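Work through the exercises below with the sequence and the model side by side. Try each task before you read its solution.

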Amino acid sequence: MNNNQNVAEAIDLLFNPASLQAAIQIEDETDCDVTAGLDWGLAIPALWQNPGMFGRMTQLRVSLNRELRLLLKEWNLGIGEKTALEVAQKRLIQRLQLPQPVALSALQDILKQDELYNVEEFISNRDLLKLLLTILLLASDWEEIALAAANSVREQVIYKVGINQISA
């Protein structure tokens, strides 16, 4: 089995719907950083056969989720940030479950870069992670994220107007 097959299999094992959804739910419930909930479930036995790939996939997965959170926080979306993040995470999961050929190629290239995977918990090259997010998430995904944030703001405004009218 060659390295590309290992990467493709690892992506399939680690970015499956049940594993990612469970991780996100745990993170949301505990309101902590993205390292919570890295439960690989049934993928563990297969991944232990390639511990190096397991470590890299774990670090990449955590780093992508962290970068997504940091990006949305930097964009100062206010009340819309939480909803935007929920939509962004769901879209990222969907794109990782069935990566397009260009995304799979980018993931394989990143997983082969030894210098990215050191003793740090996260991949420190934020520019690389941002680039990978732009490859993984399509324009329609970003539009959906923006719309979710805008709808949260809209709902808050309508709610506040409704309360002010009642109390006036």
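Five exercises follow, each with a worked solution.

This is a predicted model: local features need pLDDT of at least 70, side-chain atom pairs count only at pLDDT 80 or more, and totals for chains, interfaces and linings use all residues. Residues are numbered from 1 along each chain as its sequence is written, and side-chain values use heavy atoms, with hydrogens and water left out.

**Exercise 1. The fold**

Task: Count the helices and strands, and give the buried share of the chain.

Solution. Start with the elements. Helices (H or I, at least four residues) and strands (E, at least two) are DSSP runs, numbered from the N terminus. The chain has eight helices and zero strands. Its pattern along the sequence is α-α-α-α-α-α-α-α. Next, take burial. Buried means under 20% relative accessible area, exposed over 50%, and partly exposed in between (1.4 Å probe, protein chains only). Of the 168 residues, 39% are buried. Last, look at contacts, meaning heavy atoms within 4.5 Å. Among contacts with a separation of 6 or more, 75% join residues 24 or more positions apart.

**Exercise 2. Confidence**

Task: Find where confidence is lowest and where it is highest.

Solution. Use pLDDT, the predictor's confidence in each residue, from 0 to 100. The chain average is 78, and 67% of the residues score at least 70. Helix H3 (residues 44-48) is lowest, with a mean of 51. H7 is highest, at 96. Now check residues 33-44: the pLDDT there is below 50. Beyond near neighbours in sequence, this stretch still has 31 contacts in the model.

**Exercise 3. A helix pair**

Task: Describe how H6 and H7 pack.

Solution. Two packed helices are described by the angle between their axes and the distance between the axes. Axes are lines fitted to C-alpha atoms, for helices over the stretch in contact, and angles run from 0 to 180 degrees between N-to-C directions. H6 (residues 101-111) and H7 (residues 126-136) pack at about 160 degrees, with axes 9 Å apart. So H6 is roughly antiparallel to H7 (the term applies to angles over 145 degrees). Then list the contact residues. Val102, Ala103, Ala106, Leu107 and Ile110 in H6 meet Leu128, Leu132, Ile135 and Leu136 in H7. Sort them by type: nine are nonpolar, none polar and none charged. (Ala, Val, Leu, Ile, Met, Phe, Trp, Tyr, Cys and Pro count as nonpolar, Asp, Glu, Lys and Arg as charged, and the others, Gly among them, as polar.)

**Exercise 4. Arginine 126 and glutamate 67**

Task: Place both residues and list what each touches, leaving out residues up to four places away in sequence.

Solution. Arginine 126 is in helix H7. Its relative accessible area is 25%, so arginine 126 is partly exposed. Arginine 126 touches Glu67, Leu70, Leu71 and Glu74. Take leucine 70: it lies 56 residues from arginine 126 in sequence, and 9.8 Å away, C-alpha to C-alpha. Now turn to glutamate 67, in helix H4 (residues 51-74). Glutamate 67 is buried because its relative accessibility is 1%. Glutamate 67 contacts Arg126, Leu129, Lys130 and Leu133.

**Exercise 5. Two more residues**

Task: Decide whether asparagine 76 and alanine 150 are buried, partly exposed or exposed.

Solution. Asparagine 76 sits in the loop between H4 and helix H5 (81-97). Its relative accessible area is 64%, so asparagine 76 is exposed. Check the backbone too. Asparagine 76 is not a glycine, yet its phi is positive, at about 55 degrees. Alanine 150 is in helix H8 (residues 139-167). At 40% relative accessibility, alanine 150 is partly exposed. Its C-alpha is 8.7 Å from that of alanine 84, 66 residues away along the chain.

Note on methods. Angles under 35 degrees count as roughly parallel, over 145 as roughly antiparallel, 65 to 115 as roughly perpendicular and the rest as oblique.
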